[in-house]
Structure formats: C-alpha cells, structure tokens
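Subject: A structure for you to look at

Hi,

Here is the structure I promised to pass on. Have a look at it first, and then read my notes below.

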Amino acid sequence: SNLTRLLGDVLDLSKVEAGVIALEETPFDPGRMLDDIKAAFADTRAQGGINLSVERGESVPGKVMGDGDRLRQILSNLVGNALKHTPGGEVSVSLYRLPDPGPQLHRLLCVVSDTGQGIPLEVLEQMFEPFTQGDSSLTRRSQGAGLGLHIVKRLVDIMGGTLAVDTEEGQGVSVYVSLPFGRAK
C-alpha cells in the first residue's frame, strides 16, 4: 500500500541521513534482479497500460559482490517514479558493464528511461531534495511523497556511485546510475 511504502521510505531516509546504513557484501546476480523488478511492477504496468522492458548488456557479470538489496531499492524507486509519470507510454531498465575500475572491481551502469512528460530544469534541480515534487497537480494524481529520489541520491552516494539525469520537457527522462561492485569469487 501507499502508506506502507511511505513509512518504509521515511524510515530509510532517517537511517540514510543518520549514516547508519551498513552496506552488505554478498554475491548476487544483477541480471536476475532486472527480472525481479519487472515482475514486481507487473500490476502497476497492467493498470497503466505501460510497457516495461528490461535489457541486460552481454558483458554484465552473472555474479557481483555488493548490496543487492540497495541496488534493488534504487532501481525500484526509479522505475516506480518513471511508471507514475508515464501515462500509457514506455519505461525501460537497462544494465551495462562499464570498464572495470580495478582488478577486483566491476562498474555497472543502470539506466531507467521513460517516455513521460519530462522534467522542467528548475524542477530537476530540486528533485533529489527530500519532500520535493515537481507539480502539485502531479502529486495529487500520483500520490507520492517525493522521498524516493532523495533516498536514491543518498544511497548512490553511500555506495560510491554517481547519478545523472537527462531530460527535456515533453521528451521523457533518463536516469543514469553508475555503481562499483566487487568481483564475485
């Protein structure tokens, strides 16, 4: 439910802000995570008539070391946000492998794109602050508290990654998240 999700977000936000989130170091399959996310949003997609596609680059490793739950949380927040603001369009989630930053590290690039209405520049600058939403009429329609993106930004920072947004009003949004993961044994 929306309330449960909101409470979860608020609890996470307070943990993130207090710096008490400990990152797990466990092996996980990033490709399987994409399938899980597609399955998790099946109902939302069906209701909105939205096509959600996932793509895994050929060079993405079958296993990496890191916090798979936090990656899932980042992607779920981004996909949920994209679905909310893409009436009857398309949302895609892609995972690619960037050049390895070191012998024991992989770097993955996650791209979440939508064909929604895009984000005006002045809104984009505030978007990753807590409790900010672009347009109050949008907020009422999609019932968000505007916490998801702030959590995404903070988690990406904590995980040593980078985040970039490419958008043009009326042209959709693409969010790029680049994160380092350990090489699985």
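Below is what I found in it, beginning with how far to trust it.

This is a predicted model, so confidence comes first. The mean pLDDT of the chain is 82, and 78% of its residues reach 70 or more. Strand S3 (residues 64–66) has the highest confidence, at 97, while helix H6 (residues 136–142) has the lowest, at a mean of 42. Over residues 132–145, pLDDT stays under 50. Where pLDDT is low, the predicted coordinates should not be read in detail.

Now for the inside. In soluble globular proteins, nonpolar side chains tend to be buried together. Here, the largest nonpolar core has 39 residues, and Ile74 and Leu75 have the most contacts inside it. Among the elements that give two or more residues to this core are helix H2 (30–40), helix H4 (68–84), strand S5 (105–114) and strand S7 (173–183). H4 supplies the largest share, seven residues. If you click on Ile74, look for its contacts further along the sequence, including Val152, Leu155, Val177 and Leu179.

Two other residues are worth finding. Ser94 sits in strand S4 (residues 90–102) and is buried, with a relative accessible area of 8%. Beyond four places in sequence, Ser94 is in contact with Glu55, Leu109, Cys110 and Val111. Ile21 is in the loop between helix H1 (2–18) and strand S1 (26–28), and is buried too, at 11% relative accessible area. Ile21 and Ile158 are 137 residues apart in sequence, yet their C-alpha atoms are 8.5 Å apart in space.

On to the charged pairs: the structure holds six salt bridges. One of them joins Asp29 and Arg56, with the closest N and O atoms 3.5 Å apart. Asp29 lies in the loop between S1 and H2 and Arg56 in strand S2 (residues 51–56), so this pair ties together parts 27 residues apart in sequence. Is Asp29 buried or exposed? With a relative accessible area of 19%, Asp29 falls under the 20% cut-off, so it counts as buried. Arg56 is partly exposed, at 34%.

Asp100 has two partners. The closest N and O atoms are 2.8 Å apart in its salt bridge with Arg97, and 3.1 Å apart in the one with Arg183. Because Asp100 is in strand S4 and Arg183 in strand S7, that second pair ties together parts 83 residues apart in sequence. Finally, Asp36, Asp69 and Arg72 are joined into one network by salt bridges that share partners.

Cheers

Note on methods:
Residues numbered from 1 in each chain as written. Predicted model: local features only at pLDDT ≥ 70, side-chain atom pairs only at ≥ 80, totals over all residues. Heavy atoms only, no water. Helix = DSSP H or I, 4+ residues; strand = E, 2+ residues; numbered from the N terminus. Buried < 20%, exposed > 50% of the residue type's maximum accessible area, 1.4 Å probe, protein only. Contact = heavy atoms within 4.5 Å. Core = buried A, V, L, I, M, F, W, Y, C linked by side-chain atoms within 4.5 Å. pLDDT = per-residue confidence, 0-100. Salt bridge = Lys/Arg side-chain N within 4 Å of Asp/Glu carboxyl O.
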